[in-house]
Amino acid sequence: MAAIGIENLVKAYGATPVIHGVSLAVRDGEFAVLVGPSGCGKSTLLRMIAGLESVTGGEIRIGDRLVNDLPPRERDIAMVFQDYALYPHKSVAENIGFGLKMRGADAATIDRKVQEAAQILQIGHLLGRKPGQLSGGQRQRVAMGRAIVREPKVFLFDEPLSNLDAHLRAEMRAEIKKVHQRFGTTIIYVTHDQVEAMTLADRIAILRGGHLEQFDTPDTIYRRPVSTFVAGFVGSPAMNFIAATAAPDGAGVRLPGGVDLAAPEPLRQRIAGVAGKAVTMGLRPEHIGLHAGGGPAVPGRVLLVEPLGAETLALVRIGDVEATGRFSPESGLRPGADIALGLQLDRAHVFDPDTGRTLTAPA
Amino acid sequence: MEHGLLRRSMATFGLAAALTLGGATLAAAQTTLRIFTGGQQRPDVMRQIVDVYMKNNPNVKVDVEVGGATSEQQQQYLNTVLASKDSALDLVLIDVIRPAQWSAAQWAEPLDTYLGAEKDAVMARYLPAYRAANIVGGKVIALPYFADAQFLYYRKDLLEKYGLQPPKTWDELKAAAQKIMAGENNPNLRGFETAGAPIEGTVCTYLVPMWGAGEDLTKDGKLNLAGDAAKKPFALWADLKAANVTPPNLAEIPTDRIRQNFQAGNLIFAMTWGYVWNRAQNDADSTVKGKVGVVPLPGFTADKQATCIGGWQVAVSAFSKNKAEAAKLARFLSSPDVSKMQAVLASHLPVFPAVYEDKDVLAANPWFAQALPVVQAARSRPVTPRYTEVSEIIRTNMNAFLAGTKAADAALADMNGRLGAIFR
Amino acid sequence: MSTIKHRLTPLERSERRLGFAMLAPAFLLLAAVVVYPIADLIRASFTFLHLAQPWMGNPFVGFDNYAKALGDERFLEAVWHTVLYVIVTVPGAVVVGLGLALLANKPFTIKWPVRLGLLLPWALPLVFSGLIFRWFFEYNQGIANAILRGLGFAPLNWLTDPTLAFLTICLAIIWKASSFVALVLLAGLQTIPKSYYEAAEVDGASAWQQFREITLPMLRPAIFVALIFRTITAIQTFDIPYAMTNGGPGNATETLAMYIHKTTVDFLDIGYGSALAVLMFIVSAVITSGYLRYTRRDPGRH
C-alpha cells in the first residue's frame with residue numbers, strides 16, 4: 001500500500017499537450033476516482049501512473065519512490081483494463097495466476113492464491129473455463145482476480161464497467177467497493193460515469209481538457225462545486241443554470257422575463273460583491289418544488305412531466321427561464337398547469353458568468 | 001481504318017484514283033506467315049533474310065517469333081503449342097535432332113507434295129547428312145536451314161606464344177593447356193570447356209568421345225553401352241578434370257556460356273559450334289578478335305576425330321492455315337542464296353557443299369575450307385521419336401558425373417537401365 | 001450447430017432456390033476450370049498416352065502407370081527431394097517469416113521501408129527469384145564465391161554439389177516464401193489487442209515471456225494458415241530449382257513437380273505424367289486434410 005503523489009504532471013504528444021501540469025495527492029489506501037468527459041486526459045493520466053505512457057514533465061511518486069522512468073513491472077501496481085485484457089487461450093485460473101507465474105512464483109503458491117482470489121470473487125467454479133465461455137460480469141471478476149492476486153501497492157482501474165449493462169454495473173460497483181474495503185489498497189479508478197464516481201470514491205478528481213478542476217470528497221464536490229463544469233457534471237438531473245442579474249441593492253436577483261426574487265440571507269452574502277451585475281445562478285432540481293409556505297411563492301407553468309415512481313421530475317417555466325424540479329409523486333402535476341413554486345434560494349450557487357468559477361459556494 | 005480511308009479517297013479523287021488504289025487493296029490482301037526461331041539462331045539474321053523474301057513477294061508478310069535460347073526451352077514451348085494443335089505458327093526452326101520426333105508426333109507437314117517432281121533433285125543438292133536427317137520414313141519432314149558441327153576453338157595467339165600446334169588428340173590438348181596455364185599464371189584462365197550443364201549440348205559431350213572410341217550409342221537399333229567405348233567419355237572428362245584443364249564448375253556450363261568465357265579471354269580451348277566464330281570476331285565486347293583459331297575436334301588418336309552434327313531445319317507446321325505459302329518460304333530459306341547470306345552474316349555453316357567454296361563466304365570465314373570435311377564426317381545423335389527422353393537420360397547422367405555426384409559406373413548403369421527401356 | 005430439424009417455410013424454400021440459382025454460374029465455372037481438368041487427368045492416368053508415339057493410340061491400361069511409378073527410382077527420388085524441401089523450407093519460412101512479421105509490427109515511425117522489404121520478395125515472380133539466386137551462387141560470376149575469394153577461401157560449387165545445391169535452393173525458397181508467411185502473420189499480429197501486452201507488462205512479463213505467452217498462442221490460427229499454404233506450395237516446388245539448377249547436378253535437386261513437368265511437357269508421356277500428377281494431388285490432399293483436422297480439434301481457437 002502506498003500513497004501516490006503527482007506533481008505538475010505534463011504529457012504532450014509531439015507539440016500537442018494533453019495534460020497541463022496536474023498535481024494530485026492520493027492518500028495511502030484511498031479510493032480515488034478520475035472522472036471527466038472523454039478527451040479530458042483521465043485515461044492518459046492513469047496510464048502514466050501505470051507506466052504505459054511516458055512522462056513529459058513533472059513527477060509521479062508511488063510511496064516514496066519516484067517512478068517516472070520505471071517500467072510498469074517495477075512499479076508494483078495491478079491494472080484492470082476496459083476490455084479486461086484476458087488471454088483467450090488461457091483458462092481463468094491461468095489468467096488469474098499469470099502475473100504470479102511471470103514473477104516466478106512456484107506452482108503451489110500460484111494455485112493457493114488463485115483459489116483464494118476466486119473465492120473472494122465467487123468464481124471458483126469457473127477456473128477451468130476459457131474467457132470466451134464467460135459472461136461480461138464473470139470476465140470482469142476474472143480481471144479483478146488477476147489484479148488482486150498479485151497483492152500490489154496500487155490498483156488501477158481503466159473504465160472497468162463501461163462494457164457492462166446497467167444492472168451488472170451496479171453489482172460490480174458493490175464488488176469493487178468490497179474488494180477495496182477488504183484489502184485497503186490504494187485505488188485509482190477512471191470512469192466517465194459520475195454515478196460510479198460518486199458511489200465509489202473517497203475522493204473524486206474531476207478533469208477537464210487536461211486540467212484538474214476539483215479534487216475532493218463526493219459530498220463536497222456535490223455541495224460545493226468550484227465551477228459550473230463540476231456543478232453540471234455531478235448530479236442527475238443536472239443542476240439548473242439560470243442567467244440572472246443581481247439587484248443593484250444586493251437584496252435579490254432578477255430572472256430573465258423580469259421575475260424578481262428576494263434573496264435570503266446566505267444568497268445575499270454571495271451576491272454582495274456583484275450587485276447590479278450578471279451572474280449565473282445554479283439551482284439543483286431538489287431545490288425547486290411546490291410552494292409549501294416559508295418563502296414567497298413563485299408562479300410557474302408545467303411544461304413536461306417525468307414520473308419516476310419515487311419522485312416526479314418536471315420541467316417548469318419561471319418567467320423566461322426553463323428549469324427542472326423534483327416533486328413528490330403525489331403532487332399531481334399536469335403539463336400546461338400553472339402552479340405556485342417554492343425555490344430554496346438559500347441553496348443557490350452563484351457563478352461568474354464569464355469564467356464559470358463559483359463566487360462563493362453554499363455551506 | 002485503311003478501308004475507310006480508301007472509300008473517302010474514292011469519293012474525293014474519282015474513278016482514276018479509285019483504280020490505282022483498287023490495285024493497292026488487292027495487294028493488301030496479304031498472307032501473313034509466322035516463323036518461330038530460337039534466340040540463339042540469330043533471329044536478327046533471320047529478319048534480314050525474310051525482308052528479302054517480303055520484297056520479292058509483296059503479298060506475303062513474315063513475322064519472326066523468337067523463342068528461348070536453348071533447344072530444350074524452345075521445344076518445351078513448341079510442345080505445348082503443337083500438342084494443342086495451335087495454328088499460330090506456320091513455320092518452325094527445329095534442331096537437327098528433332099525431325100524423327102516431329103514426324104512421329106505428326107506436327108510437321110510433309111513437304112513432298114509441295115516439292116512435287118523436283119523433290120529428288122532438290123534433296124540431292126544438300127549435304128548427305130542433312131538429306132538423311134530430314135527425310136523420315138521416306139517423307140521430307142523439313143528442309144535444312146544451316147549446318148553445324150562442334151569444332152575445337154583455340155587461342156591462336158597463346159598457342160603461337162608457346163610454340164604449340166593445334167592439338168589433334170586429347171592428350172595433346174591436355175598437355176598444351178597445362179603448359180599455357182602454367183606459363184600464363186592467370187587464375188581466370190581455364191584450359192578447356194564443353195557443355196556440362198543438364199542441356200542438349202551435353203549429350204554431345206558424352207557421344208563425341210564414344211564415337212572417337214569407335215562405337216555408337218545404338219547398334220542395329222539395340223542399345224550398345226556394354227563395351228569399353230561407353231566408358232571412354234567418363235574416363236576422358238575425369239582425366240581432364242583431374243589435370244585441372246576443365247574448370248571445377250563444368251557441370252553448370254551451358255552452350256553459350258562457353259562462348260562468353262572464350263570471348264572474355266578466359267578460355268584456351270573450347271568445344272563448341274560454328275556460330276561462335278562470327279561472335280568472337282565481331283562482337284563489340286570480344287577480347288579475342290583476330291586471335292581465334294578453329295580446327296576439327298581432337299580424337300583419342302589423331303586419325304579418329306569425331307564430332308556431333310548440329311544445325312537447324314525449317315519445318316512447316318501441320319496445323320498451319322497457309323501451308324502452301326509456308327512451304328514456298330521454307331524452300332526459300334533452304335536455298336543456296338540464303339545459305340550464303342547466313343554464312344557471311346552469322347558464320348552459319350552452309351548446307352550446300354558448293355557454298356563452302358564461295359569467295360565471299362571464305363573471306364568472312366577462312367576456316368570454312370577446313371570445315372566442310374568435318375561437317376561431312378560429323379555424326380548424328382540417335383534418331384528416335386522419343387529422342388527427348390534419350391537426351392534427358394544422357395545429359396542428366398553426364399551432368400551428375402561431371403558434378404562429381406555420380407560415379408561413372410552408376411551413371412552408366414542408370415543410362416543402361418533407362419535407355420534400355422526405350423531401345424528395346 | 002443445431003441438430004433440430006424443422007420444415008422449411010415456403011419463403012425459406014424459395015430463398016434456398018434463389019441461392020442455388022445464384023451459385024450456379026460459379027459452380028459451372030468451377031466445373032469447367034477445375035472439375036473437368038481433374039477428371040480428365042484422372043482418366044488419362046489410367047491410359048497410355050504418349051504424344052511422341054501417336055500410333056500407339058490411347059488404350060486403357062488400368063493401374064499400369066501407377067505400378068510403374070512405384071517402381072520408378074527417379075520418381076521415388078523426386079518424392080524424397082520434395083519431402084526434404086517441405087521439411088526444411090516450411091518451418092524455415094515460418095520462422096523467418098515470423099521474425100519479419102514481428103519486425104514489421106514494431107512501432108517504427110516510418111513503416112514503409114520495412115513493409116516494402118517484406119512485399120518485394122513476395123511480389124517478385126518465382127522464376128525471377130530463382131534466377132537472382134542462381135546469379136548469386138554461380139561459380140565464376142556469383143557474389144557468394146566472390147565473397148569467399150575475397151576472404152581468402154576456395155570458391156564452392158554451390159550449384160553443382162548436391163548438398164550445397166539443395167541448401168542454396170532452400171535458402172532461395174525460404175527467402176521468397178517467408179515474405180508471404182510474414183504478411184499472413186502480420187495480419188494475425190495486428191488482431192492481437194495492445195492491451196494484452198500492456199496487461200502482461202504490468203503483470204511483470206518480460207519481452208520473451210510476452211512473445212511465448214501471448215504472441216505465439218494468439219498467432220496459432222495464422223501460423224496454421226501459413227503452414228497449410230506453405231506446405232501445399234512446398235509440395236509443388238518447381239520454379240526456383242528449375243531456374244537455379246534445372247534439377248541438377250544429375251537429378252539431385254529434382255522435385256516431383258519438375259519430374260511431372262519433364263514427363264509431360266518434355267517427354268510428352270501424358271499418361272504416365274497424369275498418374276504422377278494424381279499421386280501428387282493425393283499427397284497434397286492428405287496433408288491438407290490432416291492439417292485441417294488438427295486445427296479443427298484445437299480448442300484454443302475460440
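**Exercise 1. State how many helices and strands chain B has, and how its overall size compares with a compact globule.**

Solution. Start with the secondary structure. Chain B holds 19 helices and 13 strands. The model is a predicted one. Next, take the dimensions. Along the principal axes, the C-alpha atoms of chain B fill a box of roughly 85 × 50 × 35 Å. Now test the radius of gyration. Chain B has 424 residues, so a compact globule would come out near 22 Å; the value for chain B is 24 Å, which agrees.

**Exercise 2. Divide chain B into domains and describe how they meet.**

Solution. Set the bounds. Domain 1 of chain B covers 2–148 + 311–379, and domain 2 covers 151–308 + 383–422. Their C-alpha centres lie 31 Å apart.

Count the contact next. Domain 1 of chain B brings 27 residues and domain 2 of chain B brings 26. The area buried between these two domains is about 2,200 Å², with 62% on carbon and sulfur atoms.

Then look at the polar side. One salt bridge is counted between domain 1 and domain 2 of chain B. Arg379(B) and Asp216(B) join their side chains in a salt bridge, at 3.6 Å from N to O. Eleven residue pairs are in polar contact across this domain interface, both partners at pLDDT 80 or more.

Finish with the elements on the domain 1 side. Those giving two or more residues are helices H3 (71–83), H4 (99–105), H15 (336–346) and H17 (368–377) of chain B. H17(B) gives the most, four residues. By class, this side of domain 1 has 14 nonpolar, seven polar and six charged residues.

**Exercise 3. Characterise the interface of chain C and chain B, from its area to its residue classes.**

Solution. Begin with residues. Chain C puts 29 residues in contact with 28 of chain B. Then the area. About 2,500 Å² is buried between chain C and chain B, and carbon and sulfur atoms give 50% of that.

Next, the charged pairs. Three salt bridges are found across the interface of chain C and chain B. Glu138(C) and Arg257(B) form a salt bridge through their side chains, 3.3 Å from N to O. The count of residue pairs in polar contact between chain C and chain B is ten, both at pLDDT 80 or more.

Now the source of the surface. Helix H11 (residues 256–266) of chain C supplies the largest share of the side that touches chain B, four residues. That side of chain C divides into twelve nonpolar, twelve polar and five charged residues.

**Exercise 4. Do the same for chain A and chain C, and find which three residues of chain A supply the most buried area.**

Solution. Count first. The contact takes 22 residues from chain A and 19 from chain C. Together the two chains bury about 1,900 Å², 57% of it on carbon and sulfur atoms. Arg73(A), His89(A) and Met102(A) supply 30% of the area that chain A buries against chain C, more than any other three residues.

Turn to charges. Six salt bridges are counted between chain A and chain C. In the salt bridge of Arg146(A) with Asp203(C), the closest N and O atoms are 3.7 Å apart. Twelve residue pairs are in polar contact across the interface of chain A and chain C, both at pLDDT 80 or more.

Close with the elements. Strand E6 (77–80) and helix H2 (92–102) of chain A each supply at least two residues of the side that touches chain C. H2(A) gives the most, with four residues. This side of chain A has twelve nonpolar, two polar and eight charged residues.

Definitions and conventions
Residues are numbered from 1 along each chain as its sequence is written. Chains are lettered from A and ligands numbered from 1 in the order in which they are written. This is a predicted model: local features need pLDDT of at least 70, side-chain atom pairs count only at pLDDT 80 or more; totals for chains, interfaces and linings use all residues. Side-chain values use heavy atoms; hydrogens and water are left out. Contact means heavy atoms within 4.5 Å. Buried area is the accessible area (1.4 Å probe) that two parts lose on being put together, summed over both. A salt bridge is a side-chain nitrogen of Lys or Arg within 4 Å of a carboxyl oxygen of Asp or Glu. A polar contact is a pair of N or O atoms within 3.5 Å; within protein, one must be able to donate a hydrogen and the other to accept it, and residues adjacent in sequence count only if both atoms are side-chain atoms. Ala, Val, Leu, Ile, Met, Phe, Trp, Tyr, Cys and Pro count as nonpolar, Asp, Glu, Lys and Arg as charged, and the others, Gly among them, as polar. Domain bounds come from an automatic or database domain assignment. The radius of gyration is taken over C-alpha atoms; the globule rule is 2.2 Å times the number of residues to the power 0.38.
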